[in-house]
Amino acid sequence: MKRILSISMIFALVFSLASCKGKSNSDTTTVPAPVIEESTHSKEFKDESGRVIFTVDVTLPQIKDNCDPKVAEYINGVALGIFNNACDFAESNLESAAKSRSPWTKTVTFETTLLNDRYACFLVSDLFSLYGDIPTLSTVCFDIQKGERCYLNDFACVPEDPEGCFESFLNDILAPVLPVRFHNPEYITEEVLQRLDKIVDPDNFYLTEKGMGFYFNKNNVHYYLQGNYKVTFTWDELTGCYQLPE
């Protein structure tokens, strides 16, 4: 069982950088990212007859090298906590699961959207069998150099007015391109554009090598639509709203 890629990875990177920072002997400081080994954790829950009624499978990232051992241990522990939380969820629903003919399942996986010497960002997919094949998505981003989680407001071009930056992003950047980029453009009505602040959660952002991405539930656009929608922007497109800190 080896895989652990979540919120943990980040803190490792955080302190890892601090210890590696002074080793630069060239014009460009190069700090290696931690080495990660995926780890898969599974658990079956059975009823009194021995029948499996709930299964949990969680894929996580595990820090192996290029990181302070204590930091890696802490980060890996946080990641393992996600598996434990999934098991707690299963245990709290065993009575209902026992009434089902087939086992309920909960599957959690991670996608790294950015991992370098400054930021570590992950998209977490949590799929519960009762919800069909549509997972619940969440994101987590860390500033490795500062050793803390980062939020959308941290990238606001006008730090004194981060809410204004978000409003500008919605009205000046997202609204004009959404009718073109959304794969169901017929659902992007004027009414939808007027309530983008209710559709797009500022916490649901992630960083990429070239810019920033956002996602939202398509059901928030129209009750007929299902699934998640992701849209990305380059830093040039985000000029005036968001930028990487100096």
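Two strands are said to pair when DSSP finds at least two bridges between them, and strands themselves are DSSP runs of at least two residues, numbered from the N terminus. In this predicted model, strand 5 and strand 6 (residues 148–149) meet that condition, pairing in the antiparallel sense over 2 bridges, and the bridge partner of F142 in strand 6 is R149. The protein as a whole has 6 helices and 9 strands, and the points below begin with its overall make-up before turning to strand 5, the largest pocket and an open sheet.

**Overall make-up**
- Of the 246 residues in the protein, 44% are buried, while the surface that the protein exposes comes to about 13100 Å², with carbon and sulfur atoms supplying 48% of it.
- Among contacts in the protein with a separation of 6 or more, 63% are made by residues that stand 24 or more positions apart.

**Strand 5 and its partners**
- Strand 5 covers residues 136–143, and because 6 of its 8 residues are buried, this strand is largely enclosed by the rest of the structure.
- With strand 4, strand 5 pairs in the antiparallel sense over 8 bridges, and C141 in strand 5 is the bridge partner of C121.
- With strand 6, strand 5 forms a hairpin that has 4 residues between the two strands, and G147 in the turn has a positive phi of about 70°.

**The largest pocket**
- The space in the largest pocket amounts to about 200 Å³, and its lining consists of 13 residues, of which I82, V108, V124, D126 and S138 lie nearest the centre.
- At least two lining residues come from each of helix 2 (69–92), strand 3 (104–115), strand 4 (119–128) and strand 5, and strand 5 gives the most, with 5 residues.

**The open sheet of strands 7, 8 and 9**
- An open sheet is formed by 3 strands in the order 7-8-9, with antiparallel pairing; its edge strands, each of which pairs on one side only, are strand 7 (205–207) and strand 9 (228–234).
- Neighbouring strands of this sheet are turned against each other by 25° on average, direction ignored.
- Strand 7 is joined by 3 bridges to strand 8 (residues 211–217), the two running antiparallel, and G213 in strand 8 is the bridge partner of Y206.
- Helix 4 (residues 162–181) packs on the sheet, where it touches strand 8 and strand 9, and the direction of helix 4 makes about 120° with that of strand 9.

Terms used:
Residues numbered from 1 in each chain as written. Predicted model: local features only at pLDDT ≥ 70, side-chain atom pairs only at ≥ 80, totals over all residues. Heavy atoms only, no water. Axes fitted to C-alpha atoms, helices over the stretch in contact; angles between N-to-C directions. Contact = heavy atoms within 4.5 Å. Buried < 20%, exposed > 50% of the residue type's maximum accessible area, 1.4 Å probe, protein only. Areas by Shrake-Rupley, 256 points an atom, 1.4 Å probe, with all protein chains shown as cover. 1 Å grid on protein atoms, 1.4 Å probe; cavity = no way out; pocket = protein on both sides within 12 Å on 5 of 7 lines; lining within 4 Å. Points joined across faces, edges and corners; volume = space filled by probe spheres on them.
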